[in-house]
Amino acid sequence: MFGRRKGAGGSYQVLAFLARKESGPDGMTDKSNGSLDEGIVAFGVWLNAQEKDAQDDNLPMILSRFIKDKLVMIYDRILGKSVKVNIVDGIPSCEECNSTDCSHVGFAICVEQMNKRSRIE
Ligand SMILES: [Zn+2]
């Protein structure tokens with residue numbers, strides 16, 4: 001698969017994962033728990049609120065815990081509970097939805113990418 005180089009190689013892995021998800025239509029995918037795109041949008045809303053130091057009353061999802069390359073804990077306001085996304089070999093997998101392409105996974109991918117960017121700068 002992909003080399004586990006430090007630095008840019010890691011984010012390439014995530015991007016490749018996203019590209020793969022977008023290219024091949026996956027008939028087996030269960031859309032009932034939202035899509036990756038929904039999670040990416042939710043992350044954008046959350047990030048925007050962080051920058052503005054705004055109240056998080058309207059956020060669909062909130063990052064509650066992040067352990068690099070291991071775990072992203074998200075508080076899902078719609079579900080009203082915390083959701084655990086495990087990261088195994090760079091691929092996030094949602095424990096709540098038992099899925100690798102639900103909205104929580106989309107959010108987790110964005111959290112990972114943000115972390116990698118901030119390390120480079
Ligand atoms: Zn999920």
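Q: Which residues is V105 in contact with, leaving aside its neighbours within four places in sequence?
A: This is a predicted model, where local features need pLDDT (the predictor's confidence in each residue, from 0 to 100) of at least 70, side-chain atom pairs count only at pLDDT 80 or more, and totals for chains, interfaces and linings use all residues. Residues are numbered from 1 along each chain as its sequence is written. Two residues are in contact if their C-beta atoms, placed from the backbone, lie within 7 Å. Leaving aside those sequence neighbours, the contacts of V105 are L36, G39, V85, P92, C94, S99 and T100.

Q: Which element gives the most to the largest nonpolar core?
A: A nonpolar core is a set of buried Ala, Val, Leu, Ile, Met, Phe, Trp, Tyr and Cys residues joined through C-beta atoms within 7 Å; buried means 20 or more other C-beta atoms within 10 Å of a residue's own, exposed 12 or fewer, and partly exposed in between, with C-beta atoms placed from the backbone. The largest such core has 18 residues, and V85, V105, F107 and A108 have the most contacts inside it. Two or more residues come from each of α2 (36-52), β2 (71-76), β3 (81-88) and α3 (103-120), where helices (H or I, at least four residues) and strands (E, at least two) are DSSP runs numbered from the N terminus. With 6 residues, the top contributor is α3.

Q: Why do the buried residues of α2 line one face, and within what arc do they fall?
A: In α2, the buried residues are L36, G39, A42, F43 and W46. The face turned away from them carries the exposed residues D37, G44, N48, E51 and K52. Taking directions from the helix axis to the C-beta atoms, the buried residues line one face because, seen down the axis, they fall within an arc of 120°.

Q: Which residue in β2 is the bridge partner of I62?
A: Strands pair if DSSP finds at least two bridges between them; β1 (residues 61-67) and β2 run antiparallel, joined by 6 bridges. They form a hairpin with 3 residues between them, and D69 in the turn has a positive phi of about 60°. Across this pairing, the partner of I62 is Y75.

Q: How many contacts beyond near neighbours in sequence does the model have for residues 20-31?
A: The chain averages a pLDDT of 79, and 66% of the residues score at least 70. Where pLDDT is low, the predicted coordinates should not be read in detail. Residues 20-31 have pLDDT below 50, and their number of such contacts is 4.
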